[in-house]
Amino acid sequence: QFYPSVVYLTKSSPSLAVLYIQAFVFVLILAKIVRKVFFGRLRAAETEHLIERSWYAVTETCLAFTVFREDFSPWFVAMFTMLLFMKSFHWLAEDRIDYMERSPVITWVFHIRAIAMVLVLGTVDALFIHHAYRKLLMNVFSVNIVFGFEYAILLISTVSTFAKYLLHSIDMQSANP
């Protein structure tokens, strides 16, 4: 009974819609958990920047993906959603490191979160770049090229954010900041 049930669920449009909505809710819950672990409570300015940048990112990315209309699939939607969440975490990381410059007291928890956040973001970016590169080597010229370039930009942003973090940390440790 399992196989016929799975076939029915994957062929029925209402069932697929429910499965996609459940997957999206799962991803939202996972994103909230990751945000809570790496960022704690968001400040009002961070939330405002996140919402403002999200509108531009969605519009810009959708325009870039219009070239690849024939590649539209559930995998594409999953990758697009992952890209948007990764961009939002990069923006939050940048805002949090910028906040470090203006904050008089930085706790050790902040430093642990900042380093862990940058390491995880950089690792995920590198993995997605490697995935796009592997697809390119297999002569699969598709939307993977755009995803690869997007993650390359995010990796450069992560390196820049980490450099800011290091410079701010060194500046805070010096006797004459």
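**A helical core and a pocket**

The largest nonpolar core of this predicted model has 32 residues. Phe39, Phe65, Phe89, Met117 and Phe147 have the most contacts inside this core. A nonpolar core here is a set of buried Ala, Val, Leu, Ile, Met, Phe, Trp, Tyr and Cys residues joined through side-chain atoms within 4.5 Å. Buried means under 20% relative accessible area, exposed over 50%, and partly exposed in between (1.4 Å probe, protein chains only).

At least two core residues come from each of helix 2 (13-39), helix 3 (44-65), helix 4 (74-102), helix 5 (108-137) and helix 6 (144-173). Helix 4 gives the most, with 12 residues. Helices are DSSP runs (H or I, at least four residues), numbered from the N terminus.

Now take Phe147. Beyond its neighbours within four places in sequence, Phe147 is in contact (heavy atoms within 4.5 Å) with Phe65, Trp75, Phe76, Met79, Phe80 and Leu83.

Ala45 lies in helix 3. Its relative accessible area is 34%, so Ala45 counts as partly exposed. Asp95 is 50 residues from Ala45 in sequence, yet their C-alpha atoms are 8.6 Å apart.

Residues are numbered from 1 along each chain as its sequence is written. Local features need pLDDT of at least 70, side-chain atom pairs count only at pLDDT 80 or more, totals for chains, interfaces and linings use all residues, and side-chain values use heavy atoms, leaving out hydrogens and water.
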